[in-house]
Amino acid sequence: VCRRFARKALRVYCTDNQWKGTLKQCAGVLIAPFHVRAFYDAVFVPGEWQALWARHMGFRDDQIWHGSLSCDHSRFAAVHSNRSVVQKPSKSFLSVGRLSTEKGIDILVRSYSAYRESSSDPWPLMIAGTGPMAAAAEGRDGIILKGFVQPHDLPAVFESAGALVVPSTFEPWSLVIHEAGAAGVPVICTAECGASVRLVQDGYSGYIVETGSSESLSRALTRFACLPDQRRAAMGEASYSLSLQF
């Protein structure tokens, strides 16, 4: 189909693949001139790591479009407006996503347990989502399992969040990071999350932690919870500002 529409329509390839330099990707680079570039005029990607992949595949910078994965910004920005009126950041952590290995739920539970043991006044952890590893979080002190939350109800969940925690070990982008930013919520996430390049600045709008390390995540939870209210509020404003990119 794309071959038939050459010079008759703008042909756009969409992908969220990150460049990892794997053997399969390197092979793809070799055949890209014949099986990718010959069929498409531009590529639409979420962010920088996907743009790096596109460059390896032979797309020029002016053929690489950013912002293919964006939240419904106005809906979540309404949460930011409400939080600005209250002016006192919430004291709870929030995790949103599938409860599975690649989403790092086991790492999250271990990290939160370590944080809770070391804190005299620990914050609760709300987890919104379902999945095969839900049992790992059941019955744990301080963890509130909210189950699956319908998309139209998600902004209200961010209303009471002090920070979003994304411990994923595999995450090409992570749309929930953009949702959190639009809601004015700071983000603590792993470096694996593609959205961290554009939407999370370490120490400014949240923290970026080592992928797969429960110790690194536990330290970040402790560090964030110990910040003064004013500093955490400033991080929320920074998170919102970064969200305006998309």
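Is Ser174 buried or exposed? Hold that thought for a minute. What you have above is a predicted model. I'll go through the strands, then a helix, then the pocket, then the rings.

Start with strand β4, residues 93-96. β4 has parallel partners. One is strand β5, residues 125-128, joined to β4 by 4 bridges. In that pairing, Val96 stands opposite Ala128. The other partner I want is strand β7, residues 163-166, also parallel to β4, with 2 bridges between them. There, Leu94 of the β4 pairing faces Leu164 in β7.

How is the connection from β4 to β5 made? Through helix α4, residues 105-118, and the β-α-β unit that results is right-handed.

One general point on strands. Side chains in a regular strand alternate between the two faces of the sheet. Keep that in mind when you look at the pairings on screen.

Now go past β7. The loop between β7 and α6 holds Ser174. Back to my opening question. Ser174 is buried: its relative accessible area is 7%, and the cut-off for buried is under 20%. Its backbone deserves a look too. Phi of Ser174 is positive, near 95°, and this is not a glycine. In general, most residues other than glycine have a negative phi.

Next, helix α6, residues 175-182. How many of its 8 residues are buried? The count is 7, so the helix is largely enclosed by the rest of the structure. The buried ones are Val176, Ile177, His178, Glu179, Ala180, Gly181 and Ala182. Note the mix on that list: His178 and Glu179 are there alongside Val176 and Ile177. After the helix comes Gly184, with a positive phi near 75°.

Take Val176 by itself. This residue sits in helix α6. Its relative accessibility is 11%, so Val176 counts as buried, the limit being 20%. For a distance, take its C-alpha to that of Pro155: 11 Å, with the two residues 21 apart along the chain.

Val176 brings us to the pocket. The largest pocket has a volume of about 280 Å³. It is lined by 18 residues, and the closest to its centre are Val96, Gly97, Lys103, Glu171 and Val176. Which elements give two or more residues to that lining? They are β4, α4, β7 and α6. You have met each of these already. The largest share comes from α6, with 3 residues. By character, the lining splits into 10 nonpolar, 4 polar and 4 charged residues. So much for the pocket.

On to the rings. The structure holds 10 aromatic pairs. Take Phe44 with Trp65, an edge-to-face pair, 6.3 Å centre to centre, with 70° between the planes. Phe44 is in strand β2, residues 42-45, and Trp65 is in strand β3, residues 64-66. That links distant parts of the chain, 21 residues apart. How accessible are these two? Phe44 is at 26% relative accessibility, so it counts as partly exposed. Trp65 is partly exposed as well, with a relative accessible area of 34%.

Then Phe76 with Phe158. This pair is edge-to-face too: 5.7 Å centre to centre, 80° between the planes. Phe76 lies in helix α3, residues 73-86, and Phe158 in helix α5, residues 154-159, so the pair ties together parts that are 82 residues apart in sequence. Here both rings belong to buried residues. Phe76 has a relative accessible area of 2%. For Phe158 the value is 0%.

There is also a cluster. Which residues do ring pairs link there? Phe93, Tyr112, Tyr115, Trp123, Tyr207 and Phe224.

Last stop, the N-terminal side. Arg7 lies in the segment before β1, which covers 12-14. Its phi is near 65°, again a positive value in a residue other than glycine. Where Ser174 is buried, Arg7 is exposed, with a relative accessible area of 82%.

To recap. Helix α6 is largely enclosed, with 7 of 8 residues buried. α6 also gives the largest share of the pocket lining. And Ser174, in the loop before that helix, is buried with a positive phi. Questions, please.

Conventions:
Residues are numbered from 1 along each chain as its sequence is written. Side-chain values use heavy atoms; hydrogens and water are left out. Two strands pair if DSSP finds at least two bridges between them. A crossover is right-handed if, with the strands pointing away from the viewer, the path from the first strand over the helix to the second runs clockwise. Buried means under 20% relative accessible area, exposed over 50%, partly exposed in between (1.4 Å probe, protein chains only). On a 1 Å grid over the protein atoms alone, a cavity is a set of points where a 1.4 Å probe fits but cannot get out, and a pocket is an open set with protein on both sides within 12 Å along at least five of seven lines; lining residues have an atom within 4 Å of a point. Grid points are joined across faces, edges and corners, and a volume is the space filled by probe spheres set on the points. Ala, Val, Leu, Ile, Met, Phe, Trp, Tyr, Cys and Pro count as nonpolar, Asp, Glu, Lys and Arg as charged, and the others, Gly among them, as polar. Rings of Phe, Tyr and Trp (its six-membered ring) pair if their centres lie within 6.5 Å; planes under 30 degrees apart count as stacked, over 60 as edge-to-face and the rest as tilted.
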